[in-house]
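Reader: I have just opened this structure and would like a friendly tour. Could you walk me through it?

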Amino acid sequence: MFSFFNKTSPPIFEGLCDIHNHLLPGIDDGCKEVQDSHRMLEAYKELGFVQVIPTPHVYSELYPNTPQSVKSSFDVLQDSMGSENIQVKRYAAEYMVDEQFMADFEQRSPELLLPNNICLVEIHFFGNTQILEQAGFQLLQQGIKPLLAHPERYHGINDLKKFSELKGRGFKLQLNALSLLGHYGDDVKQKAFKIMDLGLYDYLGTDAHRPGHLHLLKEIRLNKKQLLSWEEIRERQIADFR
Ligand SMILES: [Fe+2]
């Protein structure tokens with residue numbers, strides 16, 4: 001593959017807000033201690049990010065977070081921050097769309113949203129899209145836009161037409177930057193580049209759980225065509241998440 005960049009770190013994250021990560025300490029499988037969060041923030045700065053919106057898991061089986069538990073962890077991080085020139089001014093969540101999500105929805109709409117009323121959602125890696133479509137419909141009825149995290153990682157969705165269909169139903173799609181490195185396997189990497197070629201990604205995120213994930217991102221290499229697609233996503237993201 002033609003390498004557009006040589007030895008220097010590619011400035012492909014310059015000016016971005018990371019809208020998918022597990023920066024907050026102690027509430028999911030991301031950072032354990034607040035010191036880990038600080039190491040992540042250092043790595044973000046090195047990559048050129050200007051803002052991070054933490055999105056811990058809300059997943060009843062494994063990480064049953066609530067707006068209160070997320071706020072407590074956010075406060076711990078905020079209280080430990082000095083005058084870092086990277087902003088962490090709000091938080092959201094990554095919601096697992098399962099039976100419990102749908103049951104909770106009956107009582108109350110999800111509250112931990114990204115700016116512009118966007119709800120970051122995921123499904124089980126081997127799941128199908130039936131429940132996802134149902135959730136998307138209900139979210140949109142409440143004026144909330146569903147953003148599907150890492151579509152390239154779902155082994156249950158292999159026909160790429162499905163992603164165009166989801167977009168037709170009001171979903172937005174978020175690329176995991178680590179997918180482009182083969183971090184989740186070569187099949188996921190190939191699928192990510194195909195979705196990118198089709199111009200279906202709206203936004204990108206790191207889904208970083210620890211500083212090492214961010215260090216890996218320095219290795220991303222894109223050819224000219226891929227870089228154009230990337231830049232389109234990056235510019236949209238800078239415009240939508242300030
Ligand atoms: Fe995630």
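**Strands, core and metal site**

Author: Happy to. This is a predicted model, and a good place to begin is the pairing of β5 with β6: the two run parallel and are joined by four bridges.

Reader: Which residue in β6 stands opposite C119?
Author: Strands of a sheet pair through backbone hydrogen bonds, either parallel or antiparallel. Here β5 and β6 make a parallel pair. Across from C119, the residue in β6 is P146.

Reader: In what order do the six strands of the open sheet come?
Author: The pairing in this sheet is parallel. β3 (57–58) and β8 are at the edges with a single partner strand each, so one side of each has no neighbour in the sheet. Reading across, the order is β3-β4-β5-β6-β7-β8.

Reader: How many bridges join β6 to β7, and is β7 enclosed or exposed?
Author: Strand β6 (residues 145–149) runs parallel to β7, and L147 stands opposite K172 in β7. The number of bridges between β6 and β7 is three. Four of the five residues of β7 (residues 172–176) are buried, so this strand is largely enclosed.

Reader: Which helix gives the largest share of the largest nonpolar core?
Author: That core has 76 residues, and those touching the most other members are F13, L41, Y44, L114, V121 and W230. The largest share of the core is six residues, and they come from helix α1 (residues 34–47).

Reader: Which residue of β6 does L114 contact?
Author: Leaving aside neighbours within four places in sequence, the contacts of L114 include I19, I53, T55, L120 and F241. Strand β6 covers residues 145–149. The contact of L114 that falls in this range is L147.

Reader: Which residues are the protein donors of the iron ion?
Author: The donor atoms lie 2.0 to 2.3 Å from the iron ion. Along the chain, the donors follow the spacing H-x1-H-x71-E-x112-D. The residues are H20, H22, E94 and D207.

Reader: Why is the site of the iron ion called irregular?
Author: There are four donor atoms, with angles of 85 to 174° among them. To count as tetrahedral, four donors need all angles between 85 and 135 degrees, so an angle of 174° rules that out. The geometry of the site is classed as irregular.

Reader: Is D207 buried or exposed?
Author: D207 sits in the loop between β8 (203–205) and α7 (211–216). The side chain of D207 makes a polar contact with the side chain of H22 (3.1 Å), and H20 and H22 are both buried. Buried means under 20% relative accessible area; because D207 has 4% relative accessibility, D207 counts as buried.

Reader: What is the phi of H150, and where is this residue found?
Author: Most residues other than glycine have a negative phi. H150 has a positive value, near 30°. H150 is buried, with a relative accessible area of 1%, and D207 is in contact with H150. The place of H150 is the loop between β6 and α5 (161–168).

Reader: Is N116 buried or partly exposed?
Author: N116 also has a positive phi, of about 65°, although it is not a glycine. N116 lies in the loop between α3 (99–107) and β5 (118–122). With a relative accessible area of 39%, N116 is partly exposed.

Key:
Residues numbered from 1 in each chain as written. Predicted model: local features only at pLDDT ≥ 70, side-chain atom pairs only at ≥ 80, totals over all residues. Heavy atoms only, no water. Donors = N, O, S within 2.8 Å, 3.2 Å for Na, K, Ca; no water. Tetrahedral: all angles 85-135°; square planar, octahedral: opposite > 155°, others 65-115°. Buried < 20%, exposed > 50% of the residue type's maximum accessible area, 1.4 Å probe, protein only. Core = buried A, V, L, I, M, F, W, Y, C linked by side-chain atoms within 4.5 Å. Contact = heavy atoms within 4.5 Å. Polar contact = N/O pair within 3.5 Å; in protein donor to acceptor, adjacent residues only side chain to side chain. Pairing = 2+ DSSP bridges.
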